[in-house]
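Me: I've got this model open and I'd like a close look at one part of it. Could you walk me through the charged side chains and what sits around them?

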Amino acid sequence: MTRKEARNQAFILIFEKSINGYEVNDILEAARDCRDFFEDDDGYIVKVFTGAFDNIEEIDAIISDNLSSGWTISRISKVALAVLRLAIYEIKYLDEIPEAVSIDEAVELCKTYTTAEDASFVNGILGTVVRAK
């Protein structure tokens, strides 16, 4: 499995948690039972999925701190929010992944699963996060 494929699977799990509210371990257990992608993964999927929710308050605070005036996290589409959580986790906690790669892949996920407007929004937020780092 390529890192791009693993990132896509991690995004799906993060998005799934954001819409159904199940516990992280329950989602992982169900995913392991129903999907075969874990066999080809180097641990990235579990690390990013669990890490994003282990650090959710800090990640969401970073997102909130970088929103335009009058915006709140609740106004962000669930897809864009899941992408932001994944990318910010990578940027903040995975030094082996270049920041530019995290941003580019986040934009590509948005282009695949949502609108061009969300892709631009995510790109802007992540660019601001990286510049402030």
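Here is the question I have in mind, followed by a walk through the salt bridges and their surroundings. Which side chains meet in salt bridges, and are they buried or exposed?

Reply: Sure, with one thing up front: this is a predicted model, so read every value below as computed from it. The structure holds seven salt bridges, and I'll take you through three of them.

Start with Lys4 and Glu105, whose side chains meet in a salt bridge at 3.5 Å, N to O. Lys4 belongs to helix H1, while Glu105 belongs to helix H6 (residues 99–113), so this pair ties together parts that are 101 residues apart in sequence. The two partners sit in unlike surroundings: Lys4 is partly exposed, with 47% relative accessible area, whereas Glu105 comes out at 16%. Since the cut-off for buried is under 20%, Glu105 counts as buried. This pair also has company, as Lys4, Arg7, Glu90 and Glu105 are linked in a network of salt bridges.

Next, go to Arg85 and Asp60. Their side chains meet in a salt bridge too, this one at 2.8 Å, N to O. Again the pair links distant parts of the chain, with Arg85 in helix H5 and Asp60 in helix H4 (residues 56–65), 25 residues apart. Here both ends are tucked away: Arg85 is buried at 9% relative accessibility, and Asp60 is buried at 16%.

Stay with Arg85 for a moment, as it leads to another helix. Ser18 touches Arg85 and also Lys78, leaving aside residues up to four places away in sequence. Ser18 lies in helix H1, which covers residues 3–20, and with a relative accessible area of 18% it is buried.

Helix H5 (residues 78–93) also carries Val83, and you can use Val83 to see what lies around that helix. Val83 is buried, with just 1% relative accessibility. Setting aside residues up to four places away in sequence, Val83 touches Phe11, Ala106, Leu109, Cys110 and Val122. For a sense of distance, try Asn25: Val83 and Asn25 are 58 residues apart in sequence, and their C-alpha atoms are 20 Å apart.

The third salt bridge stays inside one helix. Lys111 pairs with Glu108, and the closest N and O atoms are 3.7 Å apart. Both residues are in helix H6, and because they are three residues apart there, about one helical turn separates them. Lys111 is exposed at 53% relative accessible area, and Glu108 is partly exposed at 35%. As a general point, side chains of opposite charge can pair when their charged atoms come close.

Now for some charges outside those pairs. Glu23, Asp26, Glu29 and Asp33 gather in a patch of negative charge on the surface. Asp33 is one to click on: it is found in helix H2 (residues 24–34), and its relative accessible area of 63% makes it exposed.

One last stop, this time at an uncharged residue. Ser120 is found in helix H7, which runs over residues 116–132, and it counts as exposed at 52% relative accessibility. Measure to Val79 if you like: Ser120 and Val79 are 41 residues apart in sequence and 13 Å apart in space, C-alpha to C-alpha.

So, to recap your buried-or-exposed question: Arg85 is buried and so is its partner Asp60, Lys4 is partly exposed against a buried Glu105, and Lys111 is exposed beside a partly exposed Glu108.

Key:
Residues numbered from 1 in each chain as written. Predicted model: local features only at pLDDT ≥ 70, side-chain atom pairs only at ≥ 80, totals over all residues. Heavy atoms only, no water. Helix = DSSP H or I, 4+ residues; strand = E, 2+ residues; numbered from the N terminus. Buried < 20%, exposed > 50% of the residue type's maximum accessible area, 1.4 Å probe, protein only. Contact = heavy atoms within 4.5 Å. Patch = residues over 30% accessible without salt bridge, like charges linked within 9 Å, V, L, I, M, F, W, Y side chains within 5 Å. Areas by Shrake-Rupley, 256 points an atom, 1.4 Å probe, with all protein chains shown as cover. Salt bridge = Lys/Arg side-chain N within 4 Å of Asp/Glu carboxyl O. Lys, Arg positive; Asp, Glu negative; His and termini not counted. Charge placed at Lys NZ, Arg CZ, Asp CG, Glu CD.
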